[in-house]
Amino acid sequence: MLLAFHKPYGVLSQFTSEPGSRWGTLADFGFPPRVYPIGRLDADSEGLLLLSDEPEWNARLLHPSRAHEREYWALVERLPSQDALNELSRGILLAGQRTLPSKARLLEPQPEVPPRDPPVRIRKTVSDFWISLELVEGKYHQVRKMTAAIGHPTLRLLRVRIGALELAGQPRGVWRELAGAERQLVARAAG
């Protein structure tokens, strides 16, 4: 079984809670027994998360030799210049290591994304813009660190695609089983 889930903000990518945690868990969404997340999204990130009861998906999608594209939409402070987007695309030096090249662009037109609960902090004097980042690696807080490094902090982060499988209009907090062509999209991403 392979599932696609639109993980909401404030949910850990695990089934057990951590002592003293303020975050919810995947146990709150009625998943079938014996499924586990493939990879993770931080509690303060949203979007496409895959789960499966087939352990081989984990190895196929997460092993570094099987780099596959993931697309994130990041709501950032202020309009990034083309130079800043080019810098993201070339790779950013983070903790002494350069990120792999990526594809970074301003989303035009700006997407209409349903508001987050709780809402993102908005400053009346600072505008915000959605950008797209397509990565083939997924280091800890990578997108947030990359946008901060170019002076455009991420206010909200949404993973919209893994390989060719898109989140599209799937409602927040809803999961569905992938079959046929959608399952093949994930298999192609896994190589």
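The largest cavity in this protein has a volume of about 40 Å³. Keep in mind as we go that the model is a predicted one. By the rule used here, one cavity of 30 Å³ or more is counted. To find this space on your screen, look for Glu77, Arg121, Ile122, Arg123, Val126, Ser127, Asp128 and Leu155, the residues that line the largest cavity. Its lining is made up of four charged residues, three nonpolar ones and one polar one.

From that enclosed space, let us turn to the pockets. The largest pocket holds about 460 Å³ of space. Its lining counts 24 residues, and Arg40, Tyr72, Gly138, Lys139 and Arg159 are those that lie nearest its centre. Helix H1, strand E4 (70-77), helix H3 (142-149) and strand E9 each give two or more residues to the lining of this largest pocket. By character, the lining residues of the largest pocket divide into eleven nonpolar, seven charged and six polar.

The second largest pocket has a volume of about 290 Å³. Around it stand 19 lining residues, with His6, Trp73, Leu158, Leu167 and Ala168 nearest the centre. Strands E4 and E9 each supply at least two residues of this second lining. E9 provides the largest share there, with four residues. Nine nonpolar, seven charged and three polar residues make up the lining of the second largest pocket.

Now for the interior. The largest nonpolar core has 23 residues, and the members that touch the most others are Leu48, Leu50, Trp57, Leu61, Leu165, Leu178 and Val186. Two or more residues of this core come from each of strand E1 (2-7), strand E3 (46-52), helix H1 (55-62), strand E9 (154-162) and helix H4 (180-189). Strand E9 gives the most to the core, four residues. Val186 is a good residue to click on: leaving aside residues up to four places away in sequence, Val186 touches Leu2, Leu50, Trp57, Leu61, Leu165 and Leu178. Apart from this core lies another one, of 17 residues, with Tyr72, Ala104, Ile131 and Leu133 among them. Tyr72, a member of that other core, is also one of the residues nearest the centre of the largest pocket.

Val186 also leads us into helix H4. Which residues of H4 are buried? They are Val186, Ala187 and Ala189. Because these residues cover an arc of only 160° around the axis, they sit on the same side of H4. On the other side of the helix, Ala181 and Arg188 are exposed. The buried residues of H4 pack against E1, E3, H1 and strand E10 (165-166). Just after the helix, Gly191 takes a positive phi of about 85°.

Helix H3, which we met in the lining of the largest pocket, also holds Ala148. Is Ala148 buried or partly exposed? Its relative accessible area is 45%, so Ala148 counts as partly exposed. Ala148 and Val76 are 72 residues apart in sequence, yet their C-alpha atoms are 8.9 Å apart in space.

The loops hold some backbone details to look up. Where does Pro109 sit? Pro109 is in the loop between strand E7 (103-106) and strand E8 (128-135), and the peptide bond that leads to it from Glu108 is cis, with omega near -5°. Pro118 is likewise placed in the loop between E7 and E8. The bond joining Asp117 and Pro118 is also a cis peptide bond, with omega about 5°.

Finally, let us visit two residues other than glycine with a positive phi. Arg34 has a phi near 65° and lies in the loop between E1 and strand E2 (36-38). With a relative accessibility of 65%, Arg34 counts as exposed. His141 has a phi near 55°, and its place is in the loop between E8 and H3. The relative accessible area of His141 is 22%, so this residue is partly exposed; the cut-off for a buried residue is under 20%.

Conventions: Residues are numbered from 1 along each chain as its sequence is written. This is a predicted model: local features need pLDDT of at least 70, side-chain atom pairs count only at pLDDT 80 or more; totals for chains, interfaces and linings use all residues. Side-chain values use heavy atoms; hydrogens and water are left out. On a 1 Å grid over the protein atoms alone, a cavity is a set of points where a 1.4 Å probe fits but cannot get out, and a pocket is an open set with protein on both sides within 12 Å along at least five of seven lines; lining residues have an atom within 4 Å of a point. Grid points are joined across faces, edges and corners, and a volume is the space filled by probe spheres set on the points. Ala, Val, Leu, Ile, Met, Phe, Trp, Tyr, Cys and Pro count as nonpolar, Asp, Glu, Lys and Arg as charged, and the others, Gly among them, as polar. A nonpolar core is a set of buried Ala, Val, Leu, Ile, Met, Phe, Trp, Tyr and Cys residues joined through side-chain atoms within 4.5 Å. Buried means under 20% relative accessible area, exposed over 50%, partly exposed in between (1.4 Å probe, protein chains only). Contact means heavy atoms within 4.5 Å. The arc is that of the directions from the helix axis to the C-beta atoms.
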